[in-house]
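Thank you all for coming. Please take a moment with the sequence and the structure on the screen, and then I will walk you through them, beginning with one chain and moving on to the place where two chains meet.

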2 protein chains.
Amino acid sequence: MSEQQAPPGAGPDVATLTIGILGGTGDQGRGLARRFALAGHPVIIGSRSAERAAAAAQSLGADPRIRGMTNADAAAAADVVIVAVPWDGHGELLASLAAPLAGKIVIDCVNPLGFDQRGCYPLAVAEGSAAQQAAAVLPDSVVVGAFHHVSAVLLLDPAVHSVDLDVLVLGDDRQATDLVQALAARIPGARGLYAGRLRNCGQVEALTANLVSINRRYKAHAGLRVTDV
Amino acid sequence: MSEQQAPPGAGPDVATLTIGILGGTGDQGRGLARRFALAGHPVIIGSRSAERAAAAAQSLGADPRIRGMTNADAAAAADVVIVAVPWDGHGELLASLAAPLAGKIVIDCVNPLGFDQRGCYPLAVAEGSAAQQAAAVLPDSVVVGAFHHVSAVLLLDPAVHSVDLDVLVLGDDRQATDLVQALAARIPGARGLYAGRLRNCGQVEALTANLVSINRRYKAHAGLRVTDV
């Protein structure tokens, strides 16, 4: 079997990696923190304020695997860093963290979205996508796009033991996308699938607007599965 | 149960509608023609050349339900019209058919994509999407986006009896999107899901580039399913 045909479940051993989550005080960040801690990972929630980061960590049940720090300290201490900050200020924050993020895999899960009286819609991004913006301001990091479509509600729900979701993983570095696919598979029920180069990340981010429309119409917490893989 | 909460399988009775397919000589058009004819619909394949349209109809097994005509005659004769033409020339062709398409539901399934040595990528579209471009040049039609992700290979394969796919349906007119959802459900295995307004169609079209990447990596004919709906 060639490397190209490896099944999506295979991949590097990521079980001991410490995961930092910038902007980890939001629902998406807290939900990912909770699931990775449940899977056994040390998790560092980052925030502009160390106090808010510590409070967010506490809010997840005083799990000793989850700590709170400033974004800069989280970026420095983690093996792999997830970016879950608001789109507003995304580029500026990452640029300010370029030094502690150098040499690391940075997983961007930010969806640049707007809302008006007709619902949700994608915002235009000069670089093409949030992930490409991250890559532009972090030339010494390896940026991967992933975890855009995870439902924070489901991640945070203690009654939900398995998340029915394929995590689409976008990036230009095979070792990095393999690692992020393996990380996605640490969430019970989830599967990480390679879904293209970073230049194809914009539509994956924007598709979150469609999931919002689907959730509204069908009163759901919609996720995606890819068939025939 | 309110109308908002109707299950996705419910919908208007579309079983007797004649379906026209502009650009129906391509693989996607022929595949859809085959499946709708199998479901009992009269189907008209349209082409710039009536002869090529007739040949495409013949290629599908001399099914008497499938006929070939010029695009203009197909537009005039059909109840509902699917646009499966190449992106190159899409707007000009539709503008030339505005009169026969007036008053009809027009389903655009065109994906504006480019290919280079690094693979497939979405093309920038001034109107935001192929579907929005169709709406701009067809002010007297009701444009719906759908059927972007169907695999022509699977649609055309006689050994494939069921297609494992949710068809994302985009549009601003509820009656029209309901009808197109019902049409999608005429393909065994497929389900039509409302996935947002027409302004959210661009990323659905562009996501086809990701499916191309997935197909290449995993040697698959990937489709999408939406979970929790």
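**One chain, then two**

Chain A has 229 residues, and a compact globule with that many would have a radius of gyration near 17 Å, so the 16 Å found for chain A agrees with that expectation. Please keep in mind throughout that this is a predicted model. If you turn chain A along its principal axes, its C-alpha trace spans about 50 × 40 × 40 Å, and its secondary structure comes to 9 helices and 11 strands.

Let me start inside chain A, with helix α1, which covers residues 27–38 and holds both A:R30 and A:D27, 3 residues apart, or about one turn of the helix. The side chains of these two residues, A:R30 and A:D27, meet in a salt bridge, with 3.4 Å from N to O. Over all chains, the count of salt bridges comes to 14.

Next, please find strand β6 of chain A, residues 113–116, which runs antiparallel to β7(A) and is joined to it by 4 bridges. A hairpin of 2 residues connects β6(A) to β7(A), and A:D116 stands opposite A:G119 in β7(A). As a reminder for reading any such strand on the screen, side chains in a regular strand alternate between the two faces of the sheet.

Now to the contact between the chains: how many residues of chain A are in contact with chain B? There are 45 of them, and they touch 46 residues of chain B. The area buried between chain A and chain B is about 3900 Å², and carbon and sulfur atoms give 51% of it. Three residues, A:R199, A:R217 and A:Y218, supply 20% of the area that chain A buries against chain B, which is more than any other three residues.

One of those three, A:R199, also forms a salt bridge with B:D116, where the closest N and O atoms are 2.8 Å apart. Between chain A and chain B the count is 2 salt bridges, and 27 residue pairs are in polar contact.

Which elements of chain A each supply at least two residues of the side that touches chain B? They are β7 (119–122), α8 (174–184), β10 (190–194), α9 (202–218) and β11 (223–227). The largest share of that side, 10 residues, comes from α9(A). Sorted by kind, the residues of the side of chain A that touches chain B divide into 21 nonpolar, 13 polar and 11 charged.

Finally, please look at β11(A), which is joined by 5 bridges to strand β11 of chain B, residues 223–227, with the two strands running antiparallel. Within this pairing across the chains, A:G223 stands opposite B:T227 in β11(B).

How values were computed. Residues numbered from 1 in each chain as written. Chains lettered and ligands numbered in written order. Predicted model: local features only at pLDDT ≥ 70, side-chain atom pairs only at ≥ 80, totals over all residues. Heavy atoms only, no water. Contact = heavy atoms within 4.5 Å. Buried area = accessible area lost by both parts, 1.4 Å probe. Salt bridge = Lys/Arg side-chain N within 4 Å of Asp/Glu carboxyl O. Polar contact = N/O pair within 3.5 Å; in protein donor to acceptor, adjacent residues only side chain to side chain. Nonpolar A, V, L, I, M, F, W, Y, C, P; charged D, E, K, R; others polar. Pairing = 2+ DSSP bridges. Rg over C-alpha atoms; globule rule 2.2 N^0.38 Å.
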